[in-house]
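Please look over the structure below before reading my comments. Keep it open beside you as you go through the points.

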Amino acid sequence: MEKKLVVEVCAGTTCHLMGASDLLLALKRLEPGLRERVRISFCACLGECSHGPNLRVSGNLYHRVDPELLPLLLTRLLDELGDEL
Amino acid sequence: MKRYITEITRLKRRAYAELARIALAGRLTEEIDYLPQRLVKDGITISRCCEHKERAVITDRLRLALGFAPEECGGERLSHTARRALAKGTPAGPVIEVLGSACDRCPIDKIVVTNACRNCSAHHCRAVCPREAIDIIAGRAYVNQERCVACGQCAGACPFGAIIPVERPCEAACAVKAITPDVNQRASINRDKCTNCGACVGACPFGAIGDRTALVQVAGWLTGEADKRPVAMLAPSFVGQLGPEVSPGQLAQALIALGFVAVSEVAAGADLVAAHEAEEYARRVPQETPFMTSSCCPAFVHLVKKHFPRLEVHLSRTLSPALALAAELRQVQPGRPLVFIGPCLAKKGEAAASGLVDAVLTFEELGALLVGGGINAAAQAKVALGNEPSPEARGFGVSGGVARTLAERLGGSYTAACASGLADCQKKLRLAAAGRLGAGFLEGMACAGGCCFGPGVLVPGEVSGPAMENFAGIPSVHRGETA
């Protein structure tokens, strides 16, 4: 089975206030081809509250993530990681 | 993708969180004067002309957050206003205020000819205009605003779509036409008409309309004497407000960590209300009156009192769930401030008028307090909530919830109509006034879809509504949560 890109959404209260729910919505609305290559998970806090909303994708932190740019970011990461996933 | 959170919302939440942080740390008057500078760092502004304007708007927003309209502050330092806020107690005065510094004075012309006008030969716009309000000047159609009645026929007739109807977003959002331009074209709220529904607050794309908050007073109680620590009353729509990963028990635990001594669900008050309202219905309808309306939505109550005064006799005399619970909590927790936490701005007015609830926070303001207090709800332990309300009561915050609850209690000849959204409430009240409601009970909710779509929420009602009903429907799962 093809390995998936793990996207961790920070569920912390600060990130939530700064729009983490928009990120979650954007993740759920990814086009099917992209959506099936992504696994959504949560964590209680990524420790970067002043830069929220935060995401962690395959170990790397992303700050102030724009929900509209999320598909682009994930496509790029999937291309870059390729076989390393 | 429609964004739920805009940059304006983010900046407002940052401002509230910073205000909460310094208030909880007991450094309100020392630090508040520095907040506008701190919040607009490095001259970066996204939504205004320059950083100075952004700071002016933030200053006005902080004044409102302290409970004062900018006009009531006469340019005094924020620290002065903060001292007055601490001395005065929870905010008085109208709930919703226009921030004059942020209002962009949108055009008041209702019909606008755009650059797409080609000055065609047919001039359909002139032909259809019933008031001869279209002039052709310098090779282009112009609307004579003195004659124009904004019927919009020219907009429909133009083959280029060059004429567009424009409405100020605040005016468009206000179902009762309480917002009009003042002499300077700034938005102005007519208090005789305003229902405190809060629709305009979210509608203004400049963030120029806001509401008074009790943030600093609540912060004072949370950090004050132990026997004066406040009790939290959570509106039924609280489920999922801090994200899908935060359970009701965790939210309660976060409130305790913040300094609340106890957490009650307002749904417990809804149970009291349902029993009382069902009894009232059985007694009054149809013997005394052909129909009765709900009384739990304070904006709906305002709508009836201000716009349909002759129907006021039909309002249920039952207290709202929040007030019913508060009356009970007064006995159980004497001397402690009662803080209602919900999605609603109109509740701020209801609480102030009743004297039963000491302060109202929106979910957004609660979020700011948690952030300011350094408390992460997602990291809390799960605990059970007290006073287990019925499943129906927990569903009170969705449109149809109240009517459904009465149906279960009354059955028989009971018939109900549900009005969802202020405009729909107006429509059904007009029918009722004409004797054509066609039901014995009218449930009125000012926010379309119910309370979970209110102006003070943290997540869209489309997400929180199902979460709330899910929580209400399977209380056994909730009861399974233990400390």
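The numbered points below go through the two chains and then some chosen residues.

1. **Status of the model.** This is a predicted model. Please keep that in mind for every value in this note.

2. **Chain A, the fold.** Chain A has four helices and four strands. Read from the N terminus, their order is β-α-α-α-β-β-β-α. The radius of gyration is 12 Å, close to the 12 Å that the globule rule gives for 85 residues, so chain A is as compact as a globular protein of that length. Its C-alpha atoms fill a box of roughly 35 × 25 × 20 Å along the principal axes.

3. **Chain A, inside and outside.** Of the 85 residues in chain A, 48% are buried. Take the contacts between residues 6 or more positions apart: 66% of them join residues 24 or more positions apart. The accessible surface of chain A is about 4,400 Å², and carbon and sulfur atoms hold 50% of that. Chain A carries 10 positive and 12 negative charges, and the mean positions of the two sets are 6 Å apart.

4. **Chain B, the fold.** Chain B has 21 helices and 15 strands. Its radius of gyration is 24 Å, and the globule rule gives 23 Å for 483 residues; the two values are close, so chain B is as compact as a globular protein of that length. Along the principal axes, the C-alpha atoms of chain B fill a box of roughly 80 × 65 × 40 Å.

5. **Chain B, inside and outside.** Buried residues make up 54% of the 483 in chain B. Among contacts between residues at least 6 apart in sequence, 72% join residues at least 24 apart. Chain B exposes about 20,000 Å², with 53% supplied by carbon and sulfur atoms. There are 53 positive and 46 negative side chains in chain B, and the centres of the two sets lie 4 Å apart.

6. **Salt bridges in general.** Side chains of opposite charge can pair when their charged atoms come close. How many salt bridges are there over all chains? The count comes to 30. The next three points take up examples from chain B.

7. **A bridge between two helices.** Arg38(B) and Glu18(B) form a salt bridge, with 3.3 Å from N to O. Arg38(B) lies in helix α3 (residues 35–39) and Glu18(B) in helix α1 (residues 7–24) of chain B, so the pair ties together parts that are 20 residues apart in sequence. Is Arg38(B) buried or exposed? Arg38(B) falls in between: it is partly exposed, with a relative accessible area of 31%.

8. **A buried bridge.** Glu265(B) and Arg394(B) also form a salt bridge, and their closest N and O atoms are 2.5 Å apart. Glu265(B) sits in strand β10 (residues 262–265) of chain B, while Arg394(B) sits in helix α17 (residues 391–394) of chain B. The pair links distant parts of the chain, 129 residues apart. Glu265(B) is buried, at 2% relative accessible area. Arg394(B) is buried too, with a relative accessible area of 2%.

9. **A bridge within one helix, and a network.** Arg283(B) and Glu279(B) meet in a salt bridge of 3.0 Å, N to O. Both are in helix α12 (residues 267–284) of chain B; they are four residues apart, so about one helical turn separates them. Arg283(B) is partly exposed at 44% relative accessibility, and Glu279(B) is partly exposed at 39%. Elsewhere, salt bridges that share partners join Glu18(B), Arg21(B), Arg27(B), Glu31(B) and Arg38(B) into one network.

10. **Ile22(B).** This residue is in helix α1 of chain B. Ile22(B) counts as buried because its relative accessibility is 0%, and buried means under 20%. Beyond its neighbours within four places in sequence, Ile22(B) contacts Arg27(B), Leu28(B), Glu31(B), Ile32(B), Leu35(B) and Arg38(B). Ile22(B) and Gly67(B) are 45 residues apart in sequence; their C-alpha atoms are 16 Å apart in space.

11. **Thr59(B).** Thr59(B) belongs to helix α4 (residues 51–65) of chain B. Its relative accessibility is 16%, so Thr59(B) counts as buried. Not counting residues up to four places away in sequence, Thr59(B) touches Pro36(B) and Leu78(B).

Terms used:
Residues are numbered from 1 along each chain as its sequence is written. Chains are lettered from A and ligands numbered from 1 in the order in which they are written. This is a predicted model: local features need pLDDT of at least 70, side-chain atom pairs count only at pLDDT 80 or more; totals for chains, interfaces and linings use all residues. Side-chain values use heavy atoms; hydrogens and water are left out. A salt bridge is a side-chain nitrogen of Lys or Arg within 4 Å of a carboxyl oxygen of Asp or Glu. Buried means under 20% relative accessible area, exposed over 50%, partly exposed in between (1.4 Å probe, protein chains only). The radius of gyration is taken over C-alpha atoms; the globule rule is 2.2 Å times the number of residues to the power 0.38. Contact means heavy atoms within 4.5 Å. Accessible areas come from the Shrake-Rupley method with a 1.4 Å probe; for residues, only the protein chains shown count as cover. Lys and Arg count as positive and Asp and Glu as negative; His and the chain ends are not counted. The place of a charge is taken as NZ of Lys, CZ of Arg, CG of Asp or CD of Glu.
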